[in-house]
Structure formats: structure tokens, C-alpha cells
Amino acid sequence: MILIPMEKTNPLYKEHLKRYNEIRINLESNDYDSIDDYYESNNIRSDEEYEYILRAGISRPRIFYKRHPSEKWHNTFNPFVFNVLKSNMDFQIITEEYSCAVYVVEYVNKTNRGISNLQRKIIEVMNENPEFDIVEITRKMSVDMLNTIEMSSQEAAWYLLRLPMSKSSVAVQYINTCWPIERQKIRKTQKQIDELDDDSTDIWKED
């Protein structure tokens, strides 16, 4: 069954939305023996009324599959594919272009969740601990990133065994050919700066 969202100008919208949220909490918290038991426990008088409640709780057209109350945690699956693969699956039918784009973006960025918060945290650490040198900051960044991102068991084992991520038979020596005044520099630690004379401008580490 495909349902479209209820117009917010509908006089019954707020009432149905409130009931939608209440019923959803009840469905997650309780088990029901049958659809009749589900209707009775949530004071749903008819299928038509239930459709109105569902329409008030969605923001885009959605497909609602026929389910027994005991199957509320089942992902959408295809019986033929399930019989062949015998594995978990989650089929989602695309009803509009926006839903397709959102799904693809969320899936691509799945392993990068929390990175923005991590970056803000790193900036806070740098501001709160100016005495940290670049090595300590880099080490803390690495640990925080490993504790934040999602990775496969194979990648985790690779990190734990401290295996090299790449190997090369050719050694490369980087030679900075920029003028000294144009080169990127690293500021000395706060401890080193405090040891300088008050009129000293030597705040950069040597190359």
C-alpha cells in the first residue's frame, strides 16, 4: 500500500500526528498477538482511520508492506533472493528521486559519521592545549579517528598488527625547493615559546 503525506492544513493533522507518535512508541515497546489486538490496544477503530494516522506521520510518499504484528522487526526482503543468498537483506523501493539521492549519500558517507564532530574536537584540543607539539596532536588525532570511524574486522586486524599500509621498493627523498620565506612552518610549543626572550620573534621550528 502506497500512502502520501497528509496535508498540514488538514484540521485533523495535529491530532493524527500525535496518535502516530504514540502508536509508534507502543509498537516498539509492546508485542501484539494479532492485528485486531493491535487495533484494540491502540484504540484504532478502522483501516481508514489507521491510514489517516499513518499519513500524518510521514513526510514523503511511502510504501507500507503487509505485515503481521510479530514481524515488526523484519526487514523488507525478496523471498526468491532470500532463498538463494540465505543472508540478511533490506529492499527499499524508490518512489521518488529525492529518496534515491538521500539513500545513496547516506550509504556513501556511512563510515564518515561523526567526523565533523571529531574535527571540532581536535580544534578544541589544540586551543585548550597549546603546549602540545605536532607529534602529540597527530597521535591524539589518530587515536580519536580510530575510535570514531567504522571499519571492517580485516582493517582492524591490520591496524592492531601494525602492518604497513603500503610498501615501496623505491626510496623517495623530498627536497623543498621553495624560498625559505615561502615555506610552510610549524610553530614552537608553548613551553619553548615561554623560554624565549620577551623581544624574540623566533617562534618557528627549524626545517
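Modeller: Let's fix one word first: "buried" means under 20% relative accessible area, "exposed" means over 50%, and "partly exposed" is in between, with a 1.4 Å probe and protein chains only. This is a predicted model, where local features need pLDDT of at least 70, side-chain atom pairs count only at pLDDT 80 or more, and totals for chains, interfaces and linings use all residues. Residues are numbered from 1 along each chain as its sequence is written, and side-chain values use heavy atoms, with hydrogens and water left out.

Biologist: Great, so which residues of α3 are buried?

Modeller: Labels like α3 come from DSSP runs, numbered from the N terminus: helices are H or I runs of at least four residues, and strands are E runs of at least two. What covers the buried residues of α3 includes β1, α1 and α2. Those buried residues are E49, Y50, I53, L54, R55 and A56.

Biologist: Let's pick E49 from that list. Why does E49 count as buried?

Modeller: E49 is found in helix α3. The limit for buried is under 20%. E49 counts as buried because its relative accessible area is 9%.

Biologist: Leaving aside its neighbours within four places in sequence, which residues is E49 in contact with?

Modeller: Contact here means heavy atoms within 4.5 Å. N43, in the loop between α2 and α3, makes the list. The full set for E49, without those sequence neighbours, is R19, N43 and I44.

Biologist: And which residues are linked with E49 in a network of salt bridges?

Modeller: A salt bridge is a side-chain nitrogen of Lys or Arg within 4 Å of a carboxyl oxygen of Asp or Glu. E49 can supply the oxygen side of such a pair, as Glu is on that list. Its partners in the network are R19 and R45.

Biologist: How many salt bridges does the count come to by this rule?

Modeller: The network of R19, R45 and E49 has some of them. R55 with E7 is another pair that fits. By the rule, the count comes to six.

Biologist: Tell me about that R55 pair. How many residues apart are R55 and E7?

Modeller: The closest N and O atoms of R55 and E7 are 3.9 Å apart. The pair links distant parts of the chain, with R55 in helix α3 and E7 in the loop between β1 (2-3) and α1; their separation is 48 residues.

Biologist: Of those two, is E7 buried or partly exposed?

Modeller: R55 is buried, because its relative accessible area is 18%. E7 has 45% relative accessibility, so E7 is partly exposed.

Biologist: Now for helix α1. Which residue does E28 meet in a salt bridge?

Modeller: The distance from N to O in this salt bridge is 3.8 Å. Both residues lie in helix α1, four residues apart, about one turn of the helix. In general, an α-helix has 3.6 residues a turn, so residues three or four places apart point the same way. The partner of E28 is R24.

Biologist: What is the relative accessibility of R24?

Modeller: E28 is partly exposed, because its relative accessible area is 46%. R24 counts as partly exposed too, because its value is 47%.

Biologist: How far is the C-alpha atom of R24 from that of E136?

Modeller: R24 lies in helix α1. Along the chain, R24 and E136 are 112 residues apart. In space, their C-alpha atoms are separated by 48 Å.

Biologist: Where does K188 lie, the residue that D202 meets in a salt bridge?

Modeller: The side chains of D202 and K188 meet at 3.2 Å, N to O. The two are 14 residues apart, with D202 in the segment after α9 (190-194) and K188 in the loop between α8 (153-160) and α9.

Biologist: Is K188 buried or exposed?

Modeller: D202 is partly exposed, because its relative accessible area is 41%. K188 has 15% relative accessibility, so K188 is buried.

Biologist: Last one: what is the phi of K86?

Modeller: Most residues other than glycine have a negative phi. N43 has a positive phi, near 55°. K86, in the loop between α4 (79-85) and α5, counts as exposed because its relative accessibility is 62%. K86 is not a glycine either, and its phi is positive, about 55°.
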